[in-house]
Amino acid sequence: MLIADDHPMMRDGLRSAITLETDMEVVGEAIDGNEAIALFKTFRPDVTLMDLQMPNVDGLQAITAIRQFAPEASIIVFTVYPGDARVTQALTLGATSYLLKSASRQDIIVAIRAAAEGRQIIAKEISADLANHRGTAGLTVRELSVLRLVKSGMSNRAIADSLFVSEDTIKSHMKSILSKLGASDRTHAVTIAVKRGFLDSL
C-alpha cells in the first residue's frame, strides 16, 4: 500500500488504520505527486491511495504517470473534492475508485480490498451526484475560458475585449453555460462550476 497525501495527519491516520489489518502493509508515503510516482516505481504497491490536491505534481498528473508506467495499477482517489468533473477525469485517467476523506475507516478498508481485487468503489455521495448530472453536457473550452473570467470578476464587455469577440457572443456563451449548469445567474454558475470541478485547472 502506498499513501500519497501532503497532510501529515491524514497520512498518520491512514497508516494507523491500514496497519491494524493483518493482510495490509504501508510500503511508502508520499507528500506530493513527484514522490508518489517515484515510490510507486520503487515498491510497485498493490494499491495506491492518492490525494488529488498536492503541491508540485497533483494527483491527476501522478495517476497519469503511474498508469503509463503500470497500466494495471490500482489507484484509489482519496480527496475532499466531490465534484463530478474531477471524478470523471480521475476515472478516465485510470483511477480504480473514488472516496471522500469523510469516509469511515471501514469504508476505506473495504475500498482497498476491492481495489486489490480489481473491483471499483465510488463513494455513495459521488455516485448520487454523478447520477444527478448524467446527461448534462460538459462545458466547452471557450465556455470554460469565459467562466474563468467571470470568476475573476470581469463584466461581459471586459470578457469580450479580452477574448477579441463581441459582447453578444459572450452573452450567448453565458446563456449556454447557465443552461448546462442549471444556474440562475453568473455567480451561481461559478459556484456550481467550482463545486463540480470544472474550474480546477483554470
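# Close-up views of the predicted model

**Figure 1. R44 sits in the loop that links α2 (33-43) to β3.** The coordinates shown here and in the other views are those of a predicted model. The phi angle of R44 is positive, about 45 degrees, although R44 is not a glycine. Most residues other than glycine have a negative phi. R44 has a relative accessibility of 41% and therefore counts as partly exposed, since that class lies between the 20% limit for buried and the 50% limit for exposed. The strand on the far side of this loop, β3, spans residues 47-50.

**Figure 2. The whole chain, for orientation, contains 10 helices and five strands.** The chain has 202 residues, and 46% of them count as buried. Its accessible surface comes to about 10200 Å². Carbon and sulfur atoms account for 52% of that surface. Among contacts between residues at least 6 apart in sequence, 60% join residues at least 24 apart.

**Figure 3. The five strands form an open sheet in the order β2-β1-β3-β4-β5.** The pairing in this sheet is parallel. The edge positions are taken by β2 (28-30) and β5, each with a single partner strand, so one side of each has no neighbour in the sheet. On average, neighbouring strands are turned by 20 degrees against each other, direction ignored. At the β2 edge, strand β1 (residues 2-4) runs parallel to β2 and is joined to it by three bridges. Within this pair, I3 stands opposite E29 in β2. Helix α1 (residues 8-19) lies across β1, β2, β3 and β4. The helix α1 runs at about 160 degrees to β1.

**Figure 4. Strand β4 (residues 74-79) is mostly covered.** How many of its six residues are buried? The count is six of six. The cover extends to both faces of β4: S74, I76 and F78 are buried on one side, and I75, V77 and T79 are buried on the other. Within the sheet, β4 pairs with β3 in the parallel sense over four bridges. The bridge partner of V47 in β4 is S74. Four bridges also join β4 to strand β5 (residues 97-100), and these two strands run parallel. Here V77 stands opposite Y98 in β5. S74 and V77 thus appear twice in this view, S74 as a buried residue and as the partner of V47, V77 as a buried residue and as the residue opposite Y98.

**Figure 5. A β-α-β unit is made by β3, helix α3 (residues 59-69) and β4.** Is the unit right-handed or left-handed? The β-α-β unit is right-handed. Its two strands, β3 and β4, are the parallel pair with four bridges shown in the preceding view.

**Figure 6. Helix α8 (156-163) has N156, I159, A160 and L163 as its buried residues.** Viewed down the axis of α8, these residues fall within an arc of 100 degrees, so they line one face of the helix. An α-helix has 3.6 residues a turn, so residues three or four places apart point the same way. The buried residues of α8 are covered by elements that include α7 (141-151), α9 and α10 (186-196). N156 has a relative accessibility of 17% and so counts as buried, the limit for that class being under 20%. Which residues does N156 contact, leaving aside its neighbours within four places in sequence? They are E167, I170, K171, M174 and R186.

**Figure 7. F164 follows α8 and lies in the loop between α8 and α9 (167-181).** The phi angle of F164 is near 60 degrees, a positive value in a residue other than glycine. Is F164 buried or exposed? With 76% relative accessibility, F164 counts as exposed. By contrast, N156 in α8 counts as buried.

**Figure 8. Helix α10 has A189, V190, I192, A193 and R196 as its buried residues.** These residues cover an arc of only 165 degrees around the axis, which puts them on the same side of α10. On the other side of α10, T187 and K195 are exposed. The helix α10 is also one of the elements that cover the buried residues of α8.

Definitions and conventions. Residues numbered from 1 in each chain as written. Predicted model: local features only at pLDDT ≥ 70, side-chain atom pairs only at ≥ 80, totals over all residues. Heavy atoms only, no water. Buried < 20%, exposed > 50% of the residue type's maximum accessible area, 1.4 Å probe, protein only. Pairing = 2+ DSSP bridges. Right-handed = clockwise from strand over helix to strand, strands pointing away. Contact = heavy atoms within 4.5 Å. Areas by Shrake-Rupley, 256 points an atom, 1.4 Å probe, with all protein chains shown as cover. Arc of directions from axis to C-beta. Axes fitted to C-alpha atoms, helices over the stretch in contact; angles between N-to-C directions.
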